[in-house]
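Trainee: Could you take me through one kind of detail in this structure, slowly and step by step? I would like to see how the helices pack, and I am happy to follow a long answer.

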Amino acid sequence: MLVSEFLNDDRFELVTDTINDKLIKGAYCGDLLSWVMSHAKKGDLWCTVLTHANVVAIATLLEVSCVIICESAPIESETIKKANQEKVNLIKTKLNSVEVIKKLWVENG
Amino acid sequence: MDITYDFEVYANDYQNAGNASSEIKKYLMQIGFTTKFIRKIVICAYEAEMNIVIHSLGGKLTITIDNKKIILTSTDKGPGIKDLDLALSEGYSTATEAVREMGFGAGMGLPNMKKNCKFFEIDSSSKGTIVKLSWEIKDETFS
């Protein structure tokens, strides 16, 4: 599934200016950055409630397909600015990480 | 011939933290190493960079590449690690509560670095900490 296809759902909102369309190859949920850094993989959809700018640094280093900011965690403006600069797909949702993965599972098979 | 790049890393600079690792990654990609090989070095660079930001008074990351090896050195200006054995244990961290709330301080920094490099050396005193990591360059490390 592409990030653009994933976004065909009202419960998700792209907060960065444009989609940098990528294939979602897997998923990782985590809020401990060292764990994310060593376990998430290129192409993963990453679910987190962390919203500071370092999230974008990790997303860039790992080349994840998108970052889903779950449970309406408020996103710092600096994070959005950096995500736009680095072309990281930053997406917000009211859903929690389990509900996000459930959607991915059901729709992606 | 050795090629060396230095990247300054500032204490408590969370906005720019990760930039040095990102530059190192771009450089390694230009050389043409495999994604798998680069990933190991980038994990180490990120952890080293964050350790300088979170725990030190500032420092630098240095990457040196020759025909046979890559050496990544993290050098900071102190205050040093009080108990190295504990710092090398998974899950142990001296990070503050505020830093932990940002998702750092999992106590996996040094263990992750040790796990992802071929050779690991660490020396720490009140004047600073030096972590030296290296990897062998082989035919299979090129894509």
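**How the helices pack**

Mentor: Let's start in chain A of this predicted model, where helix α3 (residues 54-62) and helix α4 (residues 77-86) pack with their axes 8 Å apart, at an angle of about 20 degrees. Angles under 35 degrees count as roughly parallel, so α3(A) and α4(A) are roughly parallel to each other. The crossing of α3(A) past α4(A) is right-handed. Now look at the side chains on each helix. From α3(A) come A:Val56, A:Ala57 and A:Thr60, and they meet A:Thr79, A:Lys82, A:Ala83 and A:Glu86 of α4(A). Sorted by class, this contact has three nonpolar, two polar and two charged residues.

Next, turn to chain B. Here α2(B) and α5(B) pack at an angle of about 155 degrees, and their axes lie 9 Å apart. An angle over 145 degrees counts as roughly antiparallel, which makes α2(B) roughly antiparallel to α5(B). The crossing of α2(B) past α5(B) is left-handed. On the α2(B) side, the contact is made by B:Lys40, B:Ile43, B:Cys44, B:Glu47, B:Ala48 and B:Asn51. On the α5(B) side, the residues are B:Gly109, B:Leu110, B:Asn112, B:Met113 and B:Asn116. By class, the residues of this contact divide into five nonpolar, four polar and two charged.

Let's stay with α5(B) a little longer. Is this helix largely enclosed or largely open? Helix α5 spans residues 109-116 of chain B, and six of its eight residues are buried, so the rest of the structure largely encloses it. The buried residues are B:Gly109, B:Leu110, B:Pro111, B:Asn112, B:Met113 and B:Asn116. For a residue to be called buried, its relative accessible area must be under 20%.

What covers the buried residues of α5(B)? Part of the cover comes from chain B itself, including α2 (35-55), α3 (84-87), β4 (119-125) and β5 (128-136). Chain A also takes part, through its α2 (33-39). The partner we met above, α2(B), is therefore one of several elements that cover α5(B).

If you want to trace this yourself, begin at B:Leu110, which is buried and belongs to the contact with α2(B). Then go on to B:Pro111, another of the buried residues of α5(B).

Methods. Residues numbered from 1 in each chain as written. Chains lettered and ligands numbered in written order. Predicted model: local features only at pLDDT ≥ 70, side-chain atom pairs only at ≥ 80, totals over all residues. Heavy atoms only, no water. Buried < 20%, exposed > 50% of the residue type's maximum accessible area, 1.4 Å probe, protein only. Helix = DSSP H or I, 4+ residues; strand = E, 2+ residues; numbered from the N terminus. Contact = heavy atoms within 4.5 Å. Axes fitted to C-alpha atoms, helices over the stretch in contact; angles between N-to-C directions. Parallel < 35°, antiparallel > 145°, perpendicular 65-115°, else oblique. Left-handed = near helix turned anticlockwise from the far one by under 90°. Nonpolar A, V, L, I, M, F, W, Y, C, P; charged D, E, K, R; others polar.
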